[in-house]
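Biologist: I would like to take a close look at one single part of this model. Could you walk me through it slowly?

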Amino acid sequence: MSYKVGIMGATGAVGREIIEVLHDRNFPVEKLRLFASVRSAGKVMETPFGEITIENADEADYSEMDIAFFAISGGWSQENAEKATSAGCYVIDNSSAFRYDDNVPLVVPEINANAIGDSKLIANPNCTTAIAAIPLYTLHKEYGVKKVIISTYQATSGAGAAGMSELTEETRNYLEGKEVGNKVFAYPIAFNAIPHIDSFQENDYTREEMKVVWETRKIFSEPDMSISCTCVRIPTMRVHAESIVIETEKPVNPADAKKLLSSVEGVELKDDIANNVYPMPITATKKYDVEVGRIRQNLVFGDHGLEFFVCGDQILKGAALNAVQIAEKL
Ligand SMILES: NC(=O)C1=CN([C@@H]2O[C@H](COP(=O)(O)OP(=O)(O)OC[C@H]3O[C@@H](n4cnc5c(N)ncnc54)[C@H](OP(=O)(O)O)[C@@H]3O)[C@@H](O)[C@H]2O)C=CC1
Ligand SMILES: N[C@@H](CC(=O)OP(=O)(O)O)C(=O)O
(Lines give C-alpha, C1' and ligand atoms only; values in the text may rest on other atoms or scores of the structure.)
(Ligands and ions follow the chains in the order given, each with its own letter.)
Protein backbone atom coordinates (compact mmCIF):
# COMPACT_ATOMS: atom_id res chain seq x y z
CA MET A 1 0.00 0.00 0.00
CA SER A 2 1.35 3.46 -0.83
CA TYR A 3 -0.19 6.90 -0.54
CA LYS A 4 -0.75 10.14 -2.40
CA VAL A 5 0.71 12.78 -0.12
CA GLY A 6 0.42 16.56 -0.24
CA ILE A 7 2.48 19.09 1.71
CA MET A 8 0.81 22.45 2.13
CA GLY A 9 3.52 25.01 2.94
CA ALA A 10 6.26 22.91 1.33
CA THR A 11 8.68 25.84 0.94
CA GLY A 12 8.61 26.72 4.66
CA ALA A 13 10.77 25.61 7.59
CA VAL A 14 8.38 22.79 8.55
CA GLY A 15 7.25 21.81 5.04
CA ARG A 16 10.80 21.35 3.78
CA GLU A 17 11.60 19.13 6.73
CA ILE A 18 8.49 16.99 6.19
CA ILE A 19 9.78 16.15 2.70
CA GLU A 20 13.12 15.01 4.17
CA VAL A 21 11.53 12.99 6.97
CA LEU A 22 9.10 11.20 4.61
CA HIS A 23 12.08 10.16 2.50
CA ASP A 24 14.35 9.31 5.43
CA ARG A 25 11.74 7.09 7.07
CA ASN A 26 10.76 5.40 3.78
CA PHE A 27 7.17 6.51 4.13
CA PRO A 28 5.25 4.69 1.37
CA VAL A 29 4.72 7.63 -0.99
CA GLU A 30 3.00 6.83 -4.28
CA LYS A 31 2.99 10.48 -5.37
CA LEU A 32 4.23 13.59 -3.57
CA ARG A 33 2.64 16.97 -4.35
CA LEU A 34 4.04 20.22 -3.01
CA PHE A 35 1.93 23.32 -2.37
CA ALA A 36 2.73 26.84 -1.21
CA SER A 37 1.54 30.38 -1.83
CA VAL A 38 0.83 31.80 -5.25
CA ARG A 39 4.30 33.45 -4.99
CA SER A 40 5.96 30.04 -5.21
CA ALA A 41 3.51 28.28 -7.55
CA GLY A 42 5.22 27.13 -10.75
CA LYS A 43 8.71 27.07 -9.25
CA VAL A 44 10.55 23.75 -9.25
CA MET A 45 11.87 22.29 -6.01
CA GLU A 46 14.72 19.78 -5.77
CA THR A 47 13.71 17.02 -3.37
CA PRO A 48 14.91 13.51 -2.50
CA PHE A 49 11.83 12.38 -4.48
CA GLY A 50 13.11 14.23 -7.58
CA GLU A 51 12.20 17.66 -8.98
CA ILE A 52 8.64 18.68 -8.13
CA THR A 53 6.75 21.74 -9.39
CA ILE A 54 5.11 23.70 -6.61
CA GLU A 55 1.37 24.22 -6.87
CA ASN A 56 -0.90 26.90 -5.46
CA ALA A 57 -2.22 25.64 -2.11
CA ASP A 58 -5.48 27.55 -2.49
CA GLU A 59 -6.34 25.52 -5.59
CA ALA A 60 -5.60 22.03 -4.22
CA ASP A 61 -8.04 19.24 -5.07
CA TYR A 62 -8.03 17.06 -1.96
CA SER A 63 -9.89 14.21 -3.63
CA GLU A 64 -6.54 13.52 -5.37
CA MET A 65 -4.70 13.03 -2.03
CA ASP A 66 -4.83 10.47 0.78
CA ILE A 67 -2.92 12.55 3.34
CA ALA A 68 -2.21 16.29 3.48
CA PHE A 69 0.28 17.82 5.88
CA PHE A 70 -0.80 21.40 6.66
CA ALA A 71 2.18 23.68 7.46
CA ILE A 72 1.08 27.21 6.51
CA SER A 73 -0.70 29.02 9.35
CA GLY A 74 -3.62 28.69 11.74
CA GLY A 75 -5.86 30.91 9.66
CA TRP A 76 -5.13 28.97 6.49
CA SER A 77 -5.79 25.66 8.26
CA GLN A 78 -9.12 26.98 9.60
CA GLU A 79 -10.18 27.89 6.08
CA ASN A 80 -9.08 24.67 4.36
CA ALA A 81 -9.29 21.69 6.75
CA GLU A 82 -12.97 20.98 6.23
CA LYS A 83 -12.58 21.11 2.45
CA ALA A 84 -9.83 18.48 2.69
CA THR A 85 -11.43 16.08 5.17
CA SER A 86 -14.80 16.17 3.44
CA ALA A 87 -13.02 15.07 0.25
CA GLY A 88 -11.79 12.00 2.17
CA CYS A 89 -8.25 13.25 2.76
CA TYR A 90 -6.56 12.87 6.16
CA VAL A 91 -5.20 16.19 7.45
CA ILE A 92 -2.27 16.43 9.87
CA ASP A 93 -2.22 20.04 10.93
CA ASN A 94 0.94 21.69 12.28
CA SER A 95 -0.80 24.91 13.27
CA SER A 96 -2.55 25.68 16.55
CA ALA A 97 -5.94 26.10 14.84
CA PHE A 98 -7.57 22.90 16.12
CA ARG A 99 -5.42 21.84 19.07
CA TYR A 100 -7.91 22.99 21.70
CA ASP A 101 -10.97 21.58 19.93
CA ASP A 102 -12.33 18.68 22.00
CA ASN A 103 -13.28 16.87 18.80
CA VAL A 104 -9.77 16.96 17.32
CA PRO A 105 -7.07 14.64 18.68
CA LEU A 106 -3.77 16.28 19.65
CA VAL A 107 -1.16 13.60 19.32
CA VAL A 108 2.39 12.67 20.29
CA PRO A 109 2.38 9.08 18.99
CA GLU A 110 4.66 7.67 21.71
CA ILE A 111 2.13 8.91 24.30
CA ASN A 112 -1.42 8.94 22.95
CA ALA A 113 -1.58 7.39 19.48
CA ASN A 114 -4.88 5.79 20.52
CA ALA A 115 -6.46 9.26 20.65
CA ILE A 116 -6.44 9.32 16.82
CA GLY A 117 -9.45 7.00 16.66
CA ASP A 118 -11.26 7.50 13.36
CA SER A 119 -10.61 11.23 13.13
CA LYS A 120 -9.72 12.56 9.67
CA LEU A 121 -8.17 15.68 11.20
CA ILE A 122 -5.28 15.32 13.67
CA ALA A 123 -3.50 18.22 15.33
CA ASN A 124 0.28 18.24 15.77
CA PRO A 125 1.36 19.91 19.04
CA ASN A 126 3.25 23.10 19.67
CA CYS A 127 6.99 22.49 19.35
CA THR A 128 7.93 23.48 22.92
CA THR A 129 5.22 21.16 24.23
CA ALA A 130 6.21 18.22 22.01
CA ILE A 131 9.87 18.35 23.03
CA ALA A 132 9.16 18.25 26.75
CA ALA A 133 6.35 15.71 26.43
CA ILE A 134 8.14 12.37 26.20
CA PRO A 135 10.58 12.76 29.13
CA LEU A 136 7.86 14.40 31.20
CA TYR A 137 5.28 11.70 30.47
CA THR A 138 7.81 8.95 31.21
CA LEU A 139 8.49 10.45 34.63
CA HIS A 140 4.78 11.08 35.19
CA LYS A 141 3.88 7.42 34.63
CA GLU A 142 6.55 6.24 37.07
CA TYR A 143 6.48 8.90 39.81
CA GLY A 144 3.27 10.91 39.29
CA VAL A 145 4.13 14.48 38.35
CA LYS A 146 2.29 16.99 40.56
CA LYS A 147 3.88 20.26 39.45
CA VAL A 148 5.93 21.34 36.45
CA ILE A 149 7.92 24.55 35.97
CA ILE A 150 9.57 25.09 32.58
CA SER A 151 11.91 27.80 31.28
CA THR A 152 12.76 27.73 27.59
CA TYR A 153 15.54 28.90 25.29
CA GLN A 154 13.89 28.81 21.85
CA ALA A 155 15.54 28.92 18.44
CA THR A 156 14.76 31.51 15.78
CA SER A 157 13.49 28.85 13.34
CA GLY A 158 10.47 28.56 15.65
CA ALA A 159 9.34 31.69 13.85
CA GLY A 160 9.75 29.98 10.47
CA ALA A 161 12.16 30.58 7.60
CA ALA A 162 11.92 34.35 8.11
CA GLY A 163 13.12 33.96 11.72
CA MET A 164 16.30 32.21 10.60
CA SER A 165 16.98 34.86 7.92
CA GLU A 166 16.55 37.64 10.49
CA LEU A 167 19.09 36.01 12.82
CA THR A 168 21.66 35.70 10.00
CA GLU A 169 21.14 39.21 8.62
CA GLU A 170 21.03 41.01 11.95
CA THR A 171 24.09 39.17 13.26
CA ARG A 172 25.95 40.27 10.13
CA ASN A 173 24.73 43.86 10.59
CA TYR A 174 25.81 43.81 14.24
CA LEU A 175 29.29 42.48 13.46
CA GLU A 176 29.76 44.93 10.59
CA GLY A 177 28.82 47.84 12.87
CA LYS A 178 25.65 48.61 10.87
CA GLU A 179 22.28 49.52 12.31
CA VAL A 180 20.54 46.45 13.76
CA GLY A 181 16.80 46.04 13.19
CA ASN A 182 13.94 43.66 13.72
CA LYS A 183 10.82 42.61 11.80
CA VAL A 184 9.99 39.06 12.87
CA PHE A 185 10.93 39.45 16.54
CA ALA A 186 9.84 42.14 19.00
CA TYR A 187 13.46 43.33 19.43
CA PRO A 188 16.76 42.70 17.62
CA ILE A 189 17.59 39.03 18.18
CA ALA A 190 21.37 39.06 17.59
CA PHE A 191 23.24 38.79 20.92
CA ASN A 192 19.94 39.11 22.78
CA ALA A 193 17.36 37.01 24.72
CA ILE A 194 13.71 38.03 24.34
CA PRO A 195 11.14 36.78 26.90
CA HIS A 196 8.25 37.19 24.49
CA ILE A 197 6.99 34.52 22.06
CA ASP A 198 3.51 34.93 20.60
CA SER A 199 0.99 37.38 22.08
CA PHE A 200 0.51 38.37 25.73
CA GLN A 201 -2.62 36.95 27.38
CA GLU A 202 -4.91 38.37 30.07
CA ASN A 203 -2.96 36.55 32.80
CA ASP A 204 0.32 38.17 31.61
CA TYR A 205 1.68 34.87 30.27
CA THR A 206 2.31 34.64 26.52
CA ARG A 207 0.25 32.41 24.28
CA GLU A 208 3.34 30.21 23.66
CA GLU A 209 3.60 29.69 27.43
CA MET A 210 -0.10 28.89 27.76
CA LYS A 211 0.09 26.46 24.83
CA VAL A 212 2.51 24.38 26.88
CA VAL A 213 -0.03 24.30 29.73
CA TRP A 214 -3.12 23.60 27.61
CA GLU A 215 -1.50 21.08 25.29
CA THR A 216 0.45 19.08 27.87
CA ARG A 217 -2.76 18.60 29.85
CA LYS A 218 -4.65 17.44 26.75
CA ILE A 219 -1.95 15.04 25.50
CA PHE A 220 -1.48 13.50 28.96
CA SER A 221 -5.27 13.44 29.64
CA GLU A 222 -4.48 15.31 32.88
CA PRO A 223 -6.78 18.36 32.78
CA ASP A 224 -5.67 19.61 36.21
CA MET A 225 -1.89 19.13 35.99
CA SER A 226 -0.12 22.12 37.55
CA ILE A 227 2.19 23.62 34.89
CA SER A 228 3.88 26.98 34.47
CA CYS A 229 6.25 28.10 31.72
CA THR A 230 8.43 31.04 30.69
CA CYS A 231 9.36 31.09 26.99
CA VAL A 232 12.43 32.98 25.78
CA ARG A 233 13.73 33.44 22.24
CA ILE A 234 17.51 33.18 21.90
CA PRO A 235 19.83 33.64 18.89
CA THR A 236 20.21 29.97 17.91
CA MET A 237 19.20 28.65 14.48
CA ARG A 238 17.29 25.52 15.46
CA VAL A 239 16.52 23.34 18.53
CA HIS A 240 14.51 24.48 21.53
CA ALA A 241 16.19 24.00 24.93
CA GLU A 242 14.12 23.68 28.09
CA SER A 243 14.98 23.65 31.78
CA ILE A 244 12.33 21.58 33.57
CA VAL A 245 11.60 21.27 37.30
CA ILE A 246 9.08 18.74 38.56
CA GLU A 247 7.54 17.87 41.89
CA THR A 248 6.42 14.25 42.12
CA GLU A 249 3.88 12.26 44.15
CA LYS A 250 6.34 9.42 44.83
CA PRO A 251 9.96 9.85 45.90
CA VAL A 252 12.35 10.03 42.94
CA ASN A 253 16.11 9.91 42.65
CA PRO A 254 18.33 10.94 39.73
CA ALA A 255 19.96 7.53 39.26
CA ASP A 256 16.61 5.75 38.79
CA ALA A 257 15.29 8.54 36.58
CA LYS A 258 18.37 8.29 34.33
CA LYS A 259 17.96 4.54 34.03
CA LEU A 260 14.29 4.95 33.17
CA LEU A 261 14.85 7.69 30.60
CA SER A 262 17.74 5.82 28.96
CA SER A 263 15.32 3.10 27.85
CA VAL A 264 12.65 5.33 26.34
CA GLU A 265 11.94 5.58 22.60
CA GLY A 266 12.48 9.15 21.40
CA VAL A 267 14.90 10.10 24.18
CA GLU A 268 18.69 10.16 24.12
CA LEU A 269 20.17 10.34 27.59
CA LYS A 270 23.12 12.76 27.55
CA ASP A 271 24.11 12.93 31.15
CA ASP A 272 27.76 12.48 32.05
CA ILE A 273 28.84 15.67 33.78
CA ALA A 274 32.29 14.26 34.60
CA ASN A 275 32.94 14.41 30.86
CA ASN A 276 30.91 17.56 30.14
CA VAL A 277 28.18 15.58 28.40
CA TYR A 278 24.78 17.26 28.45
CA PRO A 279 22.11 18.36 25.96
CA MET A 280 22.88 21.31 23.67
CA PRO A 281 21.38 22.79 20.49
CA ILE A 282 24.53 22.02 18.49
CA THR A 283 24.34 18.30 19.29
CA ALA A 284 20.53 18.00 19.09
CA THR A 285 20.30 19.71 15.68
CA LYS A 286 18.78 17.43 12.99
CA LYS A 287 18.38 14.64 15.52
CA TYR A 288 15.09 12.73 15.86
CA ASP A 289 15.60 11.99 19.57
CA VAL A 290 15.23 14.62 22.25
CA GLU A 291 18.39 14.95 24.33
CA VAL A 292 17.85 14.79 28.11
CA GLY A 293 20.51 15.44 30.76
CA ARG A 294 21.67 17.48 33.77
CA ILE A 295 19.28 15.28 35.77
CA ARG A 296 19.59 16.15 39.45
CA GLN A 297 17.64 16.23 42.67
CA ASN A 298 15.86 19.55 42.84
CA LEU A 299 16.91 21.63 45.84
CA VAL A 300 13.40 22.99 46.46
CA PHE A 301 11.34 19.78 46.30
CA GLY A 302 14.04 17.49 47.71
CA ASP A 303 13.45 13.74 47.27
CA HIS A 304 10.09 14.49 45.61
CA GLY A 305 11.64 16.67 42.92
CA LEU A 306 13.88 16.55 39.88
CA GLU A 307 15.48 19.15 37.67
CA PHE A 308 16.72 18.44 34.14
CA PHE A 309 17.53 19.99 30.75
CA VAL A 310 16.18 18.94 27.37
CA CYS A 311 17.15 19.94 23.84
CA GLY A 312 15.00 18.90 20.89
CA ASP A 313 15.03 19.85 17.24
CA GLN A 314 11.72 21.65 17.20
CA ILE A 315 11.40 21.46 13.41
CA LEU A 316 11.67 17.67 13.75
CA LYS A 317 10.08 16.29 16.95
CA GLY A 318 8.31 19.61 17.43
CA ALA A 319 6.78 19.53 13.95
CA ALA A 320 7.83 17.45 10.89
CA LEU A 321 8.90 14.20 12.57
CA ASN A 322 5.90 14.09 14.89
CA ALA A 323 3.60 14.78 11.92
CA VAL A 324 5.11 11.93 9.88
CA GLN A 325 4.91 9.62 12.92
CA ILE A 326 1.19 10.42 13.09
CA ALA A 327 0.89 9.55 9.39
CA GLU A 328 2.67 6.25 10.07
CA LYS A 329 0.10 5.47 12.78
CA LEU A 330 -2.72 6.25 10.33
N1 LIG B 1 8.84 26.49 12.76
C2 LIG B 1 8.53 25.69 13.77
O3 LIG B 1 9.39 25.31 14.60
C4 LIG B 1 7.13 25.21 13.95
C5 LIG B 1 6.07 25.65 13.17
N6 LIG B 1 4.81 25.17 13.39
C7 LIG B 1 3.67 25.62 12.59
O8 LIG B 1 3.80 25.14 11.24
C9 LIG B 1 3.23 26.07 10.32
C10 LIG B 1 4.31 26.48 9.31
O11 LIG B 1 5.37 27.10 9.99
P12 LIG B 1 6.80 27.38 9.35
O13 LIG B 1 7.18 26.30 8.42
O14 LIG B 1 7.66 27.69 10.50
O15 LIG B 1 6.50 28.72 8.51
P16 LIG B 1 7.30 29.36 7.29
O17 LIG B 1 7.01 30.80 7.34
O18 LIG B 1 8.71 28.91 7.29
O19 LIG B 1 6.58 28.72 6.00
C20 LIG B 1 5.26 29.06 5.66
C21 LIG B 1 4.80 28.27 4.44
O22 LIG B 1 3.45 28.61 4.17
C23 LIG B 1 3.34 29.13 2.84
N24 LIG B 1 2.35 30.20 2.83
C25 LIG B 1 2.40 31.37 3.50
N26 LIG B 1 1.27 32.09 3.27
C27 LIG B 1 0.50 31.34 2.44
C28 LIG B 1 -0.77 31.52 1.85
N29 LIG B 1 -1.51 32.61 2.05
N30 LIG B 1 -1.27 30.54 1.05
C31 LIG B 1 -0.57 29.42 0.83
N32 LIG B 1 0.67 29.19 1.35
C33 LIG B 1 1.18 30.14 2.16
C34 LIG B 1 4.72 29.61 2.49
O35 LIG B 1 4.84 29.60 1.07
P36 LIG B 1 5.72 30.69 0.27
O37 LIG B 1 7.15 30.22 0.38
O38 LIG B 1 5.17 30.59 -1.10
O39 LIG B 1 5.49 32.02 0.94
C40 LIG B 1 5.58 28.55 3.18
O41 LIG B 1 5.61 27.38 2.39
C42 LIG B 1 2.70 27.23 11.16
O43 LIG B 1 1.33 27.01 11.42
C44 LIG B 1 3.52 27.14 12.45
O45 LIG B 1 2.84 27.69 13.55
C46 LIG B 1 4.59 24.23 14.34
C47 LIG B 1 5.58 23.75 15.12
C48 LIG B 1 6.94 24.22 15.00
N1 LIG C 1 5.73 29.27 18.46
C2 LIG C 1 6.85 28.41 18.20
C3 LIG C 1 6.72 27.74 16.86
C4 LIG C 1 5.32 27.54 16.42
O5 LIG C 1 5.02 27.73 15.28
O6 LIG C 1 4.45 27.13 17.34
P7 LIG C 1 2.87 26.93 17.10
O8 LIG C 1 2.73 25.84 16.09
O9 LIG C 1 2.33 26.54 18.41
O10 LIG C 1 2.31 28.25 16.61
C11 LIG C 1 8.12 29.23 18.28
O12 LIG C 1 8.03 30.40 17.89
O13 LIG C 1 9.16 28.74 18.68
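Which elements do the buried residues of α6 pack against?

Modeller: Happy to! This is a predicted model, where local features need pLDDT of at least 70 and side-chain atom pairs count only at pLDDT 80 or more, while totals for chains, interfaces and linings use all residues. Residues are numbered from 1 along each chain as its sequence is written, and chains are lettered from A and ligands numbered from 1 in the order in which they are written.

Helices (H or I, at least four residues) and strands (E, at least two) are DSSP runs, numbered from the N terminus. Helix α6 covers residues 207–220, 14 residues in total. From first C-alpha to last, α6 reaches 20 Å, close to the 20 Å expected at 1.5 Å a residue; that expected span is 1.5 Å times one less than the number of residues.

Now for its buried side. A residue is buried if 20 or more other C-beta atoms lie within 10 Å of its own, exposed if 12 or fewer, and partly exposed in between, with C-beta atoms placed from the backbone. The buried residues in α6 are E208, E209, K211, V212, E215, T216, K218 and I219.

And here is your answer: the buried residues of α6 pack against two helices, α3 (109–112) and α4 (127–143), and two strands, β9 (145–153) and β10 (226–230). Contact here means C-beta atoms, placed from the backbone, within 7 Å.

Finally, look just past the helix: S221, right after α6, takes a positive phi of about 55°.

One of those partners, β9, leads on to S157, which is found in the loop between β9 and α5 (161–175). S157 counts as buried because it has 25 C-beta neighbours inside 10 Å. Beyond its neighbours within four places in sequence, S157 is in contact with A13, G163, M164, M237, R238 and I315.
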